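Work through these short exercises with the structure open. Each task is followed by a solution in steps.

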Amino acid sequence: MLDRLRSIVQKVNAAKDLQSALDIIVSKVREALDTQVCSVFLLDKDINAHVLMASEGLKKEAVGHVSLEAGEGLVGLVAKHAEPINLQDASLHPSFHYLKDTGEELFHSFLGVPIIHHRSVLGVLVVQHEERRRFDEAEEAFLITLSAQLAGVIAHAEATGAIEGISPSGHKTSDTVFPGVSGSSGAAIGQAVVLFPHADLRQIPQRRTQDVDKEIEFFNSCLELVRQDMRSLHSKLAGQVAEEERQLFDVYVRMLDDDALGNEVVQRIKMGSWAQGALAYVANEHVSNFEAMNDPYLSERAIDIKDLCARVLFYLQNKVTIETEYYENTILVSEEITPAMLAEVPKDKLKGLISVKGSGNSHVAILARTMGIPTVMGTVDLPYTQLHGKKVILDGYKGEVITNPSEQMLARYFETITEQDQLTKGLEGLKDLPCETADHHRVHLWVNTGLMSDVMHSLDQGAEGIGLFRTEIPFLLRERFPSEQEQYDIYREQLEAFSPKVVTMRTLDIGGDKSLPYFPIEEANPFLGWRGIRVTLDHPEIFTAQIHAMLRASVGLENLQIMLPMISNVNEVTSAMQLIKKAYRELIQNGVKVKFPPVGVMIELPAAVYQTRALAKMVDFISVGSNDLTQYLLAVDRNNSRVAHLYSAFHPAVLSALQQVVTQAQAEGKLVSICGEMAGDPGAAVLLMAMGFDVLSMNASTLLKVKSVLRSITMEVAQDLLDQVMEMDDAQMIRSAVDMALYNAGVDRLLRSSRTN
Ligand code: PEP
Ligand code: MG
């Protein structure tokens, strides 16, 4: 059975379009179950009917012409209840609706199973027999299994049609929404430019070379051409992103060095392979090793290698470079957008990015946020290969792509974009005003940073401090751990730029989805594994070097705070404090005039919520990492687009945990802040202020929006709203209540919609 299933799925997968896929399904299923009829009905939403799309056994003329209104007949019943119906004699069932012109009067037994993709019923797969007998359990199970597997393929084929503006049964359709996750907020309308890898490494035959030396020389000359390309991309990015981010290209170029990939290829050529084959072999081996790693950061390195080697292959194949034409409003689309692809588009033409793979943590999303380009990641159902040249709407607020947009939809988004621009201009006036409610309650708005460019942008937005400097980001962009001196330089730059304002530096938070390429962590459950403080306590040499660098960098400025991530028990804080004190003493003994900084812990695990009071006793401040706290409380991977709808910081459990943290920290007289994405959501910020958070730390791009909302509301209204939502038991209801309160306070529509969930 399993073999049959596999073979049908494989054949359907290889079909060129929806109709051929359906034709294969009906013919193969009829054969496998030895039935007289197999048919597929698909729901055409535009006409709200189930259309007979393919059949073996019913009259051919009926296909594409016969349909049942939604809810009509046995097919409608299967779809409505999303459950199979198995009948000995269909005509005796009260819902039976005789379909004239199909010839179905000959067939008595009926088994229909729903075709379900992402909870919605796409259609119904039906088998029928002349003989009056129920299909047996094994047949029913086979059809259910097959239908579940085929649903994705059918959805993909339907989506491909939708991009062309055609519904399953051939009607005109528009505004097809493809969900993903937000990589960078903002809306954009533009024309898609789809980039494919330069040359296909999987299609290279293995051949032998006649002249090894000449082949090596040719390979090296191609390598040099790619090096030059990368250097010119590097300089194209000058002025657009910070030097640190541009270093990504240096990492690229170094991958080609003699002691890295380049050498391995040369060794294979020496063994007699032609250059293309040698390159493909080495590249594929590295790619499959990286891809096999259960770690999003490392599997993304596979993308870098693929991209880089494809560039070399391009020259090996003696191809001339075809300059990609970019539209004035380019929306760049690729299966896996790499930072190099991003750099190739002229900045003034680039309006948005769509990456089918990847998450909000991918390099490219980090770059996009820095450059302020609306971005949607993880649009797994988008048939992106069909999109080139097509007009699309990109909604980076919701993390959605809309293809084949109607005039009305376009008008709506044009309005959003105009409002967006006006809003940004209007907010600039708030830069130097305090964040104070109408009834004079003062809240402090700080920023989250990772790169120097964030710092500049933050100061520009009137940030009052840094609540989270993600020190792992400069670590991620290197090929080895930065030395203590290199770290000193990075930290000093941030501390100086912000002085005398406070800079909260988090100790290295790697693991989970943030693995260093040079320090791979392979685990079955990385989010529950060796992460954050767990790694650095096990490597006191890494921890101590970082603390030394931070402390030395703060000399004379004294605006440093140190923060510990992923704390799950008091012992971790005790051990970390011992190491920090030891590092401090060592510096003092060496004559460095450093002040001992305030130290705080992050509350981002449910266990820490329950221990806030004990933890608060040990440190100077508490800061909630609501991104991880939400992920762990709700058991929802924060990067997985499939379960993204379950991830909500407005979940009552999250709100109640947050309130508990504030109360416990205040009971110990400690300052309490929050530095997850939630703090940058204007609606959530109102609740957080009412809960009693002293500091809200967010992305610089959301700071003025939050300030504007908090200045237009009173603490009294915020507290009433909080009282009201704390009684509610559903995240959606809470979100709506918050939206309503903002609406009543006259808050702009776009400020209400910049959501984090
Ligand atoms: C958090 O978890 O909320 C947080 C701020 O840390 P990060 O997003 O870097 O994990
Ligand atoms: Mg975290």
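Helices (H or I, at least four residues) and strands (E, at least two) are DSSP runs, numbered from the N terminus. This is a predicted model: local features need pLDDT of at least 70, side-chain atom pairs count only at pLDDT 80 or more, and totals for chains, interfaces and linings use all residues. Residues are numbered from 1 along each chain as its sequence is written, chains are lettered from A and ligands numbered from 1 in the order in which they are written, and side-chain values use heavy atoms, with hydrogens and water left out.

**Exercise 1.** Place Asp34 and describe its backbone and exposure.

Step 1. Asp34 sits in the loop between helix 2 (18-33) and strand 1 (37-44).
Step 2. Its phi is near 50°, a positive value in a residue other than glycine.
Step 3. Asp34 has 63% relative accessibility. Buried means under 20% relative accessible area, exposed over 50%, partly exposed in between (1.4 Å probe, protein chains only). Asp34 therefore counts as exposed.

**Exercise 2.** Do the same for Asp175.

Step 1. Look in the loop between helix 4 (137-163) and strand 7 (176-179).
Step 2. Phi of Asp175 is near 55°, a positive value in a residue that is not glycine.
Step 3. Asp175 counts as partly exposed, because its relative accessibility is 23%.

**Exercise 3.** Find the peptide bond between Ser499 and Pro500 and state its form.

Step 1. Pro500 lies in the loop between helix 15 (484-498) and strand 17 (503-506).
Step 2. The bond is cis, with omega about 5°.

**Exercise 4.** Describe the surroundings of ligand 1.

Step 1. There are 15 residues around ligand 1, and Arg470, Arg506, Gly625, Asn627 and Arg638 come nearest. Here, near means that a heavy atom of the residue lies within 4 Å.
Step 2. Sort the shell: three residues are nonpolar, four polar and eight charged. Ala, Val, Leu, Ile, Met, Phe, Trp, Tyr, Cys and Pro count as nonpolar, Asp, Glu, Lys and Arg as charged, and the others, Gly among them, as polar.
Step 3. Helix 21 gives the most to this shell, with three residues.

**Exercise 5.** Where is Gln631, and is it buried or exposed?

Step 1. Gln631 is in helix 21.
Step 2. Gln631 is buried, because its relative accessible area is 3%.
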